[in-house]
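Grab a viewer and work through these exercises with the coordinates loaded. Try each task yourself before you read its solution.

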Amino acid sequence: VVSLSVPLFAGNLYHARGAPFAIRQGGVLYTGLAAWRAGTLQELLFGVPTGSTDDPRLGAPGQGGTIDDPDRLASLGAYRLQASSSVADLGLALHVYGIPPGLRDYYGLPLPAGAGVALGAHESR
């Protein structure tokens, strides 16, 4: 359970490997993404639901090892999206909100690679 004090949340992925979605905001416990949206207007942009509780299908989460050299960060393959990931084109179009999305992802791949950008740091192919 995560406790929040209320910034805007939009377009995020909430996944807790085998645990159900649960979030506490303003003293209220919400046990589903739809309930949290309805109760707080979070994960809504212009009335359209955003966010997901899907499994991102990361390569090997938690097994990335220790990186002690910033020049080796791109070798952290445990957090790359697998080809079967459902979050490949679900990222928000940040430029619509005046936020430049950058030209490359965490691993140096050009953005975007598909119809949209991926959620997270890896622009999967």
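Start with a term: a pocket is an open set of grid points with protein on both sides within 12 Å along at least five of seven lines, and its lining residues have an atom within 4 Å of a point. Keep in mind that this is a predicted model.

**Exercise 1. The largest pocket**

Task: find out how many residues line the largest pocket and which lie nearest its centre.

Solution:
- Step 1: count the lining, which comes to 16 residues.
- Step 2: go to the centre, where L94, V117, A118, L119 and G120 lie nearest.
- Step 3: sort the lining by class, and you get nine nonpolar, five polar and two charged residues.
- Step 4: add the volume, about 290 Å³.

**Exercise 2. The overall layout**

Task: work out in what order the elements of the protein chain run from the N terminus on.

Solution:
- Step 1: take the inventory, one helix and five strands.
- Step 2: read them off from the N terminus, and the order is β-β-β-α-β-β.
- Step 3: get the extent, since the C-alpha trace spans about 45 × 35 × 25 Å along its principal axes.
- Step 4: check burial, where 27% of the 125 residues count as buried.
- Step 5: look at contact range; of the contacts between residues at least 6 apart in sequence, 45% join residues at least 24 apart.

**Exercise 3. The nonpolar core**

Task: list which residues make up the largest nonpolar core, then follow the contacts of Y14.

Solution:
- Step 1: the largest nonpolar core holds seven residues: F9, Y14, F21, I23, Y30, L33 and W36.
- Step 2: recall the background, that nonpolar side chains tend to be buried together in soluble globular proteins.
- Step 3: pick out Y14 and skip residues up to four places away in sequence; Y14 then touches F9, F21, L33, W36, E43, S52 and T53.

**Exercise 4. A glutamate and its surroundings**

Task: decide whether E123 is buried or exposed, and find what E123 touches.

Solution:
- Step 1: locate E123 in the segment after β5, a strand that covers 48-49.
- Step 2: apply the cut-off; buried means under 20% relative accessible area, and E123 has 1%, so E123 is buried.
- Step 3: leave aside neighbours within four places in sequence, and E123 is in contact with D105, L109, P110, L111, P112, A113, G114, G116, V117 and A118.
- Step 4: zoom in on A118, whose backbone nitrogen lies 2.7 Å from a polar atom of the E123 side chain.
- Step 5: tie this back to the pocket, as V117 and A118 are among the residues nearest the centre of the largest one.

**Exercise 5. An arginine for comparison**

Task: classify R104 as buried or exposed and describe its contacts.

Solution:
- Step 1: R104 also sits in the segment after β5.
- Step 2: exposed means over 50%, so R104 counts as exposed at 52% relative accessibility.
- Step 3: not counting residues up to four places away in sequence, R104 touches L109, P110 and L111.
- Step 4: a polar atom of the R104 side chain lies 2.7 Å from the backbone oxygen of G108.
- Step 5: for a long-range check, R104 and R17 are 87 residues apart in sequence and 28 Å apart C-alpha to C-alpha.

**Exercise 6. Backbone oddities**

Task: say what kind of peptide bond joins L111 and P112, and which sign phi has at L41 and R57.

Solution:
- Step 1: set the baseline; most residues other than glycine have a negative phi, and most peptide bonds are trans.
- Step 2: the bond between L111 and P112 is cis, with omega about -20 degrees.
- Step 3: L41 has a positive phi, near 65 degrees.
- Step 4: place L41 in the loop between α1 (33-40) and β4 (44-45); at 58% relative accessible area, L41 is exposed.
- Step 5: R57 has a positive phi too, near 60 degrees, and R57 is partly exposed at 36%.

**Exercise 7. A proline next door**

Task: find which residues P56 touches.

Solution:
- Step 1: P56 is in the segment after β5 and is buried, with a relative accessible area of 9%.
- Step 2: beyond residues up to four places away in sequence, P56 touches L13, H15, L81, S85 and V87.
- Step 3: now pair P56 with D69, 13 residues along the chain; their C-alpha atoms are separated by 26 Å.

Methods. Residues numbered from 1 in each chain as written. Predicted model: local features only at pLDDT ≥ 70, side-chain atom pairs only at ≥ 80, totals over all residues. Heavy atoms only, no water. 1 Å grid on protein atoms, 1.4 Å probe; cavity = no way out; pocket = protein on both sides within 12 Å on 5 of 7 lines; lining within 4 Å. Points joined across faces, edges and corners; volume = space filled by probe spheres on them. Nonpolar A, V, L, I, M, F, W, Y, C, P; charged D, E, K, R; others polar. Core = buried A, V, L, I, M, F, W, Y, C linked by side-chain atoms within 4.5 Å. Buried < 20%, exposed > 50% of the residue type's maximum accessible area, 1.4 Å probe, protein only. Contact = heavy atoms within 4.5 Å. Helix = DSSP H or I, 4+ residues; strand = E, 2+ residues; numbered from the N terminus. Polar contact = N/O pair within 3.5 Å; in protein donor to acceptor, adjacent residues only side chain to side chain.
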